[in-house]
Amino acid sequence: EFISDVIKDISGLPAAAFMGRSRATFFEKVLPQDLPRLQDAFEGAVRGGAMFSVDYRIRHVNGDFRWVHDHGRAVRDGEGKVIHVDGVISDTTERTQEKERFNQLVYYDALTNLPNRELFVDRLDQAVQQARRKKESGAVLALDLDHFKRINDTLGHSIGDQLIKAVSVRLLKMLFDSDTVTRIGGGAFIILLPQVAKTEDAENVANKLLTAFKSPFLINKHE
């Protein structure tokens, strides 16, 4: 068994902290939500001798976490039995964060952090394909704020921006995680409901949203 001292850069612990211990000691450092993915990859290599390649996060002793890419292979003896697993772990934190920042700029609205038009179209395409495959249906709702331009012109864009943010929060609270709310500009939004059994269900959601907007917004003492 060998573990490079570079593991300290990733976990904050020296290699000696892992040597001579079960792999469970290392698995304890993996974020719980990522652990099943790593375990499946590792166990697949042990059982079937397959190569594996997996990304996950390791908790550093300072409380931060590091993104790592782990790839390796099972090593067999002369009889074809798996005797151990060789692997290399690379710290990909900086690269992953750059990718996340890029995705945020490309696919999300800068003001509300809602998915933008491009991401909406992608999710709509996926929803349509799934609906056709499963012979299900979905719905798209268009929502526009009346007189929003007047608010910007009379109270200023700062008040308008705060209102848009508040509207976004209210919309998200009324919908399921599987739904997509997109701001397409100004006070205009599009809502994707990927799983709607019948037309009446979409109407019910629309009415629920209209009811939610009967309560006023209070922005800097302006109602």
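This note comments on one open sheet and on one pair of packed helices in a predicted model.

1. Strands of a sheet pair through backbone hydrogen bonds, in either a parallel or an antiparallel manner. Here the open sheet consists of 3 strands, whose order is β1-β2-β3 and whose pairing is antiparallel. At its edges lie β1 (52-59) and β3 (82-91), each of which pairs on one side only. From one strand to the next, the twist averages 30°.

2. Strand β2 (residues 65-76) runs antiparallel to β3, and 9 bridges join the two. A position to find in the structure is His 69, which stands opposite Ser 90 in β3.

3. Helix α3 (residues 35-48) packs on this sheet and touches β1, β2 and β3. The direction of α3 makes about 140° with that of β1.

4. Two packed helices are described by the angle between their axes and by the distance between those axes. For helix α7 (residues 157-174) and helix α8 (residues 199-212), the angle is about 140° and the axes are 10 Å apart. Angles over 145 degrees would count as roughly antiparallel and those from 65 to 115 as roughly perpendicular; α7 and α8 are therefore oblique to each other. The crossing in which α7 passes α8 is right-handed.

5. Which residues make the contact between these two helices? From α7 come Arg 170, Leu 171 and Met 174, while α8 contributes Lys 208, Leu 209 and Ala 212. By character, the residues of this contact comprise 4 nonpolar and 2 charged, with no polar ones.

Terms used:
Residues numbered from 1 in each chain as written. Predicted model: local features only at pLDDT ≥ 70, side-chain atom pairs only at ≥ 80, totals over all residues. Heavy atoms only, no water. Axes fitted to C-alpha atoms, helices over the stretch in contact; angles between N-to-C directions. Helix = DSSP H or I, 4+ residues; strand = E, 2+ residues; numbered from the N terminus. Parallel < 35°, antiparallel > 145°, perpendicular 65-115°, else oblique. Left-handed = near helix turned anticlockwise from the far one by under 90°. Contact = heavy atoms within 4.5 Å. Nonpolar A, V, L, I, M, F, W, Y, C, P; charged D, E, K, R; others polar. Pairing = 2+ DSSP bridges.
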